[in-house]
Amino acid sequence: MSFTVSLERDKTHPSIAVITVDNPPVNAMSIGVPGAIIARLEEAQADREIAGVVLCAGGSGGFAGADIRVQGKAWPEDEPTLSEMVARLENSTLPVAALLRRNALGGGLEIGMACRYRVATPGTQLGQPEVKLGIPPGGGGTQRLPRLTGVQAALDMIVGGDPIDAKKGHDIGLIDALAASDDPVSEAAAYLASQVESGLRPPTRDRSVDGTDPTLFESARTVAARKQRGQLAPLACIDCVEASTTLPFDEGLKFERQKFGECVSSDQAAAMRHAFFAERQIGKVPGLAKNTPVRDINTVMVIGAGTMGSGIAMCFANAGIAVTLVERQQEALDRGLSRIAKTYAGMAEKVRLSSEEAQRRTSLVTGALSVTDGSDCDLVVEAVFEDMDVKKSVFSELASVMKPGAILATNTSYLDVDEIAASTGDRAGDVVGLHFFSPANIMKLMEIVRAERTELEVLASAIALGRKLGKIGIVVGVCNGFVGNRVYSTYVRETEFLLEEGATPSQVDGVLTEFGMAMGIFAVRDLAGLDIGWANRKATAHLRDPVKRYCKIGDTICENGWFGQKTGRGFYLYEEGSRTPKPDPDVDAIISKCAVEGGISQRQISNEEIVERAFDIMVNEGAKILEEGIALRASDIDLAMINGYGFPRWRGGPMCWAGTIGLGTVVARMRKLSETHDFWEPAPLLVRLAEEGKTFADWDRENA
Ligand SMILES: NC(=O)c1ccc[n+]([C@@H]2O[C@H](COP(=O)([O-])OP(=O)(O)OC[C@H]3O[C@@H](n4cnc5c(N)ncnc54)[C@H](O)[C@@H]3O)[C@@H](O)[C@H]2O)c1
């Protein structure tokens, strides 16, 4: 037992007792803690001189809820549970004020809401993030929060899952008082003493709910159906909050428990837990010691101010890091700098950023026309054209001008980072890939490409940098397209095959979005621009196996000069000024022509076949990537597809999804297809796991 729960009189307000829970690292409600809190509360109640109790957390100051480490384990029968403790706090004859510091999220906030009052230090983060784990709050949050804040604010917090700060909490009635002094415990005690004196308010459960207009729930359902498409938990959250307005408190709690139970055992919740734990694994690299030194990165040079370079510069500016942005020509540099200024100004206009902050970030990026201007930067990120010769000449120059110890990174999408590193001579150890995704200032994914000679210190620094930038930084090995683009390209290829066999772009896209993808593949390709992929296919044509099937639909569309939204035509037609994709009869004709030329007889393609082929192919490529050691974990592949390619988080990523289908089923489908189709030979690792009745999660555990 490593926790303590103490009871003391407050020094300045001796009629108020202070219960302090100290259970490092996050003050979770581990086995024994709820019982100890109840015991201290009873001691306080037995003392006639005590008029109220402040409940606070020691150590970090944050209040966690249930202890993740004991989830799924049996709770000893003679130990009071968290919900018993919550009920005791709420029904206590002595009023209890919770002091919330640092963070009160999920169960931590639910404990606070069961107390009669809440006092918080100003920066404290308050939230009910359970929906992000595929569940509604299960500790009474859906019944108590609306009683404190009214319906709309409760819906916003519970359905959205994002935290708010204590100041906002105070504005909406969740927090009763803010404690800004350096002795918040005494401030909370003073606040409670004043309430005792002026007369107590009823416990949360006995308060009524404000703002019960039933249309609020309907509009919340409409918004959830759009923003959280396909997810069960947001709807369960809305149902629960609605129940707080129609049912007595205890019935409402029962309703919440029932909804919680339904969601917690769903595939969606399992998938979201998988994604949550996957994120905690990132940056763990076998052989990379925790105490590996990391290099300080306070100044950065970004080379190339195109689409990626400007976005990457903003990533650093967002983290408060000064950037030197380098181009060859003044005109291109001005375009990049003005793109950055416009983006920040736009954010300020939409009130996402204060205008001072927008100004500050804009001014963190300064332009230059030579890399020597940034030679003393701690890190360089190269984002010039995707051309090996151009990259090599940039890196050989960097090797001679950059100060010793500077990290030399490339943002290449496909090229061989070992070959790029070789052009730096004896500085190859400083070279690493930092593969950002477009738009770089928004997308969370960053592939950290570990080349053959990348030094451990450089790798550790890149991982630390990813965290500092708020990215999901996944360590990958060198291969064409690394993890994300390599998996994605199989999906692109297979969905084009489906067109050739008889599906239409809108059918495929409709099925994919129904599955939960952020966008359909053909709409995405039109948005990104078809010319880039076309150029890449032409450049790598010599690598293709001439015997294997090749679909010319995408190439033919490009030959017409149709590059997607930017030219008004691509896989779809876009009316002047519109981004809405419309089916294009000319594209249908191209598809039919390609099918005839390829000797493919078209047929009706079912929606099930689209799902199976689009995602099974991802799984197979993922298995090959794992086998080759290009990804460290299947869960990293899942995170790449979720954070870089719009795969639904609530399906956990393709490798997790395959586990819910059953790898045996996936392999059987592949074998059947491989009788008539190229590229469907199941990867040996996939076959082995299927035969052993395992999932990729098992593989991750066994290889951790
Ligand atoms: N566009 C994407 O979606 C995307 C995503 C991830 C990675 N990438 C990679 O990022 C890199 C850049 O792609 P982009 O889309 O930004 O291209 P882009 O054409 O928009 O920008 C490249 C910029 O680099 C400049 N440049 C070229 N050589 C230079 C040199 N020697 N010194 C200084 N500037 C130079 C060009 O003038 C141009 O402004 C490529 O390697 C690409 O594969 C692109």
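**View 1. The eight-stranded open sheet of the predicted model, with helix H13 against S11 and S12**. The sheet is open and mixed in its pairing, and its eight strands follow the order S12-S11-S10-S13-S14-S15-S16-S17, where two strands count as paired if DSSP finds at least two bridges between them. Helices (H or I, at least four residues) and strands (E, at least two) are DSSP runs, numbered from the N terminus. Strand S12 (365-368) and strand S17 (472-476) are the edge strands, each of which pairs on one side only, and from one strand to the next the twist averages 25°. Strand S11 (residues 322-326) runs parallel to S12 and is joined to S12 by four bridges, and Thr324 has Thr366 of S12 as its bridge partner. Helix H13 (residues 330-349) packs on the sheet and touches S11 and S12, with a direction that makes about 175° with that of S12; contact here means heavy atoms within 4.5 Å, while axes are lines fitted to C-alpha atoms, for helices over the stretch in contact, and angles run from 0 to 180 degrees between N-to-C directions. Because this is a predicted model, local features need pLDDT of at least 70 and side-chain atom pairs count only at pLDDT 80 or more, whereas totals for chains, interfaces and linings use all residues. Residues are numbered from 1 along each chain as its sequence is written, and side-chain values use heavy atoms, with hydrogens and water left out.

**View 2. The six-stranded open sheet and the hairpin of S1 and S2**. This sheet is open, has mixed pairing, and places its six strands in the order S1-S2-S3-S4-S6-S9. Strand S1 (4-9) and strand S9 (177-178) stand at the edges with a single partner strand each, so one side of each has no neighbour in the sheet. S1 and strand S2 (residues 16-22) run antiparallel and are joined by six bridges, and they form a hairpin with six residues between them. Within this pairing, Val5 has Val21 of S2 as its bridge partner, and Arg9 stands opposite Ala17 in S2.

**View 3. Backbone details in two loops**. The peptide bond from Pro24 to Pro25 is cis, with omega near 5°, and Pro25 is found in the loop between S2 and helix H1 (33-46). Asn27 also lies in the loop between S2 and H1, and its phi is near 60°, a positive value in a residue other than glycine. A cis peptide bond also leads from Ser438 to Pro439, with omega near -10°, and Pro439 lies in the loop between strand S15 (431-436) and strand S16 (445-449).

**View 4. The crossing of helices H4 and H10**. The axes of helix H4 (residues 141-149) and helix H10 (residues 249-264) come within 8 Å and cross at roughly 135°. The two helices are therefore oblique to each other, given that angles under 35 degrees count as roughly parallel, over 145 as roughly antiparallel, 65 to 115 as roughly perpendicular and the rest as oblique. Gly141, Thr142, Gln143, Arg144 and Arg147 of H4 make the contact with Phe249, Gly252, Leu253 and Glu256 of H10.

**View 5. Surroundings of the ligand**. The ligand is surrounded by 20 residues, the closest being Met308, Glu327, Glu386, Lys391 and Ser413, where a residue is near a molecule if one of its heavy atoms lies within 4 Å of it. An N or O atom in the side chain of Glu386 is 2.5 Å from an oxygen atom of the ligand, and a polar side-chain atom of Arg328 lies 3.3 Å from an oxygen atom of the ligand.

Technical notes: A polar contact is a pair of N or O atoms within 3.5 Å; within protein, one must be able to donate a hydrogen and the other to accept it, and residues adjacent in sequence count only if both atoms are side-chain atoms.
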